[in-house]
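Me: I am new to this structure and should be grateful for a close look at a single part of it, the part where the chain begins. Please describe that part in a connected way, and then set it beside the rest of the model.

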Amino acid sequence: VAGNKAFAITHKGAPKRKLISTDLPFPDWANAKVIAPEKSMVLEGFTRCKDYLLIRYSDGINNHFFKYNLNTEKTTEVKLPFSGSAFASCMDTKTNEYLVAVTSWNKPFTEFVFNAETDKFSASPYNQTPVYPDEYGDLVVEEVEVKGHDGVMVPLSIIYKKGLKKDGSNVCLMESYGAYGFGMLPYFSAELNSLAIKGVVIAIPHVRGGGEKGEEWYKAGYKTTKPNTWKDFISCAEYLIKNGYTQASKLSGTGTSAGGILITRAITERPDLFAAAICNVGCANALRLEFSSNGPVNIPEFGTVTDSVACKALYEMDGMQHVKKGVKYPAIMGVGGWTDPRVVVWQPGKFVAAAQQASSSGKPVLMKVNYDNGHFTEDREVTFANFADQYAFLMWQSGHPGFQVKKETTVKRP
């Protein structure tokens, strides 16, 4: 609410959403005024200060801001200090100042004070930007689009160290999610970037099932359309190999939680594309998901076996059900949290057990159970040790020279 008007976002007649307003105290939303019409970008939110509304859009990866003048009713674009994920809040609506925080794949979380009246950004007095070693400043970001299996263009973010040679010799790690309309938004990951500065290509496919391109993108990787999620991941893997970023023997992938569907189905459908994979507290046995403690609340997202159409869709999502005897699967690590209330530990456990029995590649297939962890934990020591193990495994199996087992030297005694 601002003055005698109420503002709201609607997707009625606008899949990518629009901003509308109506008068108070007699609201008439059926005949509301359009303040910000639907754009090619997704409208994600807005917040007000004294004289302006700051409206946030997403182009599928990066955020863009526009300001609406409540007095003149004019809208103008706001140029952010750098591209990435951006968030705004107004601590005092009697002023025209916002706190705007921006982060990207290669720039850490930075907070600014934005004056909507002057369009000026200045340093925030509240949160200082973290300082990383100089080598973290040498990371390059490429945003590309990859043609999917059905011709749909899939956004792909690629992060790597400056000077990269695209000759297929690089180790590459792919990570994605693809569920609940949750997008893989740009952020500075100290964990992933610690690999990037060691020459590892980090690739983030923005697969269907996420929310990068709005409601339609989400529903295009949902229930019966869920195969698009892992097929988009596979298409991005093929792109990375074709364009010299890596090769199959140096490519690994990881998926967490609902991303377990993505990674287990990607490697069961195309085991030849990957050297190693992590199913991190991941859904890997979708047909049995609803029978776990957190299962019933996820029926709206994945479906139920009591419906014939949904049951077939769940079968398609089920990584364990697609493990085949004698296939040369990549190296696999399943990770479970012993007290995980969301994805019970037997979900990745059953997939690992099936792969151990079936794989003919001779590569390790391991199950790690964190007894000090649930789905996540706020204990940073546990978290960092957990991901250090996962990344070391992936780098080892992908052939990174810094993670290979050193051979012991035998010294002959006289």
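Reply: The model is predicted, and the account may begin with a pairing of strands. Strand β1 is joined by 6 bridges to β2, which covers residues 18-23, and the two run antiparallel. One residue can be followed across this pairing: Lys-5 has Asp-23, in β2, as its bridge partner.

These strands belong to an open sheet of 3 strands, whose order is β1-β2-β3 and whose pairing is antiparallel. The edges of the sheet are taken by β1 (5-10) and β3 (33-36); each has a single partner strand, so one side of each is left without a neighbour in the sheet. On average, and with direction ignored, neighbouring strands of this sheet are turned by 35° against each other.

The loop between β2 and β3 deserves attention, for Pro-25 is found there. The peptide bond that leads from Leu-24 to Pro-25 is cis, and its omega is near 10°.

A pocket also belongs to this part of the chain. The second largest pocket holds about 150 Å³ of space. Its lining consists of Thr-10, Lys-12, Lys-18, Ile-20, Trp-29, Ala-30, Asn-31, Ala-32 and Val-34. Sorted by class, this lining has 5 nonpolar, 2 polar and 2 charged residues.

The largest pocket may be set beside it. Its volume is about 960 Å³. The lining of the largest pocket is made up of 35 residues, and those that lie nearest its centre are Glu-175, Tyr-187, Thr-256, Phe-376 and Phe-387. Two or more residues of this lining are given by each of β14 (172-176), α1 (190-196) and α8 (380-397). The largest share, 5 residues, comes from α8. By class, the lining of the largest pocket divides into 18 nonpolar, 13 polar and 4 charged residues.

Val-171 lies in the loop between β13 (153-161) and β14. Is this residue buried or exposed? Val-171 counts as buried, because its relative accessibility is 6%, and the cut-off for buried is under 20%. Leaving aside residues up to four places away in sequence, Val-171 touches Gly-199, Val-200, Val-201, Thr-246, Lys-250, Met-395, Ser-398, Gly-399 and His-400. Gly-214 offers another point of reference: Val-171 and Gly-214 are 43 residues apart in sequence, and 32 Å separate them in space, C-alpha to C-alpha.

Two further loops complete the picture, each with a residue whose backbone calls for a remark. In the loop between β10 (110-115) and β11 (120-123) lies Asp-119. Although Asp-119 is not a glycine, its phi is positive, at about 65°. Asp-119 counts as partly exposed because its relative accessibility is 37%. Lys-223, for its part, has its place in the loop between α2 (215-219) and α3 (227-242). The phi of Lys-223 is near 55°, a positive value in a residue other than glycine. With a relative accessible area of 28%, Lys-223 is partly exposed.

To return to the part requested, β1 stands at an edge of the sheet, is joined to β2 by 6 bridges, and is followed in the sheet order by β2 and then β3.

Note on methods: Residues are numbered from 1 along each chain as its sequence is written. This is a predicted model: local features need pLDDT of at least 70, side-chain atom pairs count only at pLDDT 80 or more; totals for chains, interfaces and linings use all residues. Side-chain values use heavy atoms; hydrogens and water are left out. Two strands pair if DSSP finds at least two bridges between them. Helices (H or I, at least four residues) and strands (E, at least two) are DSSP runs, numbered from the N terminus. Axes are lines fitted to C-alpha atoms, for helices over the stretch in contact, and angles run from 0 to 180 degrees between N-to-C directions. On a 1 Å grid over the protein atoms alone, a cavity is a set of points where a 1.4 Å probe fits but cannot get out, and a pocket is an open set with protein on both sides within 12 Å along at least five of seven lines; lining residues have an atom within 4 Å of a point. Grid points are joined across faces, edges and corners, and a volume is the space filled by probe spheres set on the points. Ala, Val, Leu, Ile, Met, Phe, Trp, Tyr, Cys and Pro count as nonpolar, Asp, Glu, Lys and Arg as charged, and the others, Gly among them, as polar. Buried means under 20% relative accessible area, exposed over 50%, partly exposed in between (1.4 Å probe, protein chains only). Contact means heavy atoms within 4.5 Å.
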